[in-house]
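Work through the following exercises with the sequence and the coordinates at hand, and try each task before reading its solution.

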Amino acid sequence: MTKPNSPFAVQIAIEKERRKREGLDTKLSPLFTPLPDQVGRPHMQRLVMESEADEIFAGGAPGASKSFLLLGLAVTLQKNSVIFRRELAQMYGEDGLIEKSRQMIGNRGKYNATKHTWSKIDGWRALEFAGVKNEDDKHKQQGRARDGYFFDEITEFPESVYEYLITWNRTNTPDQKCRVVCVGNPPTTPEGQWV
């Protein structure tokens, strides 16, 4: 159960108030809610969403809940987010994050397939999908301030790429929390051991 004063609950209240001010439907449900808690244990998704930490790593067994969490953060708690994979192509396909975002957001946002971006999610949120395959690709993100920096399969990224990208994690929006969230499985190569 979500705490009444958790960041997620507060964001839902803020969103309802914004919709009310703008004369929009206030009965729309959130695009994402964390998976239910297990007996005696809060679910990892809820723990991450309610955390006040600026930088989080969520690991665990293979499965969709970690990657899906990144989408959930982007459409409920953040204003302007990016989700990185080592290769953009890894986000396509029937089970890829881009298809899951289409199922999650539907007509509550505008998707640009050429730029791999969502805009106007629930009227005001933005989300980009990006790949950073080579060390030099990180420079394409230079100066692109966002309040949500999310990494899927972080152990596939070199530490230098990660450190460079998160330097742009910032916002000019008052009361908007900036966060970096990384998800992944245990590293399979020595270069992922830094995580």
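**Exercise 1. State how much surface the chain exposes, what share of that surface carbon and sulfur atoms supply, and what percentage of the residues is buried.**

Solution. In this predicted model, the exposed surface of the chain comes to about 10,200 Å², of which carbon and sulfur atoms supply 51%. Turning from area to residues, a residue counts as buried when its relative accessible area is under 20%, and buried residues make up 46% of the 195 residues in the chain.

**Exercise 2. Describe the order of helices and strands along the chain, and the share of contacts that join residues at least 24 apart.**

Solution. The chain contains five helices and seven strands, and, read along the sequence, these follow the pattern α-α-β-α-β-α-β-β-β-β-α-β. When contacts between residues at least 6 apart in sequence are taken, 67% of them join residues at least 24 apart.

**Exercise 3. Check the span of helix α3 against the expected value, and decide whether α3 is largely enclosed or not.**

Solution. Helix α3 covers residues 65–76, and its twelve residues, at 1.5 Å a residue, should span 16 Å; the end C-alpha atoms are 16 Å apart, which agrees. For the second part, ten of the twelve residues of α3 are buried, so the helix is largely enclosed by the rest of the structure. The buried residues include L69, L70, L71, L73 and V75, and also K66, S67 and T76.

**Exercise 4. Identify the residues that touch the most other members of the largest nonpolar core, and the element that gives the most to this core.**

Solution. The largest nonpolar core has 26 residues, of which L73, I83, L127 and F129 touch the most other members. At least two residues of this core come from each of α2, β1, α3, α4, β4, β5 and β7, and α3 gives the most, with six residues. Apart from this core lies another, of 16 residues, with Y162, Y164, L165 and W168 among them. As for I83, if residues up to four places away in sequence are not counted, I83 touches L70, L71, M91, L97, L127, E128, F129, A130 and F150.

**Exercise 5. Classify D152 as buried or exposed, and find the residue whose side chain D152 meets in a polar contact.**

Solution. D152 belongs to strand β6, residues 148–152. Its relative accessibility is 2%, and D152 therefore counts as buried. The side chains of D152 and R85 are joined by a polar contact of 3.2 Å. Neighbours within four places in sequence aside, D152 is in contact with S67, L70, F84, R85, L97, F157 and V183.

Terms used:
Residues are numbered from 1 along each chain as its sequence is written. This is a predicted model: local features need pLDDT of at least 70, side-chain atom pairs count only at pLDDT 80 or more; totals for chains, interfaces and linings use all residues. Side-chain values use heavy atoms; hydrogens and water are left out. Helices (H or I, at least four residues) and strands (E, at least two) are DSSP runs, numbered from the N terminus. The expected span of a helix is 1.5 Å times one less than its number of residues. Buried means under 20% relative accessible area, exposed over 50%, partly exposed in between (1.4 Å probe, protein chains only). A nonpolar core is a set of buried Ala, Val, Leu, Ile, Met, Phe, Trp, Tyr and Cys residues joined through side-chain atoms within 4.5 Å. Contact means heavy atoms within 4.5 Å. A polar contact is a pair of N or O atoms within 3.5 Å; within protein, one must be able to donate a hydrogen and the other to accept it, and residues adjacent in sequence count only if both atoms are side-chain atoms. Accessible areas come from the Shrake-Rupley method with a 1.4 Å probe; for residues, only the protein chains shown count as cover.
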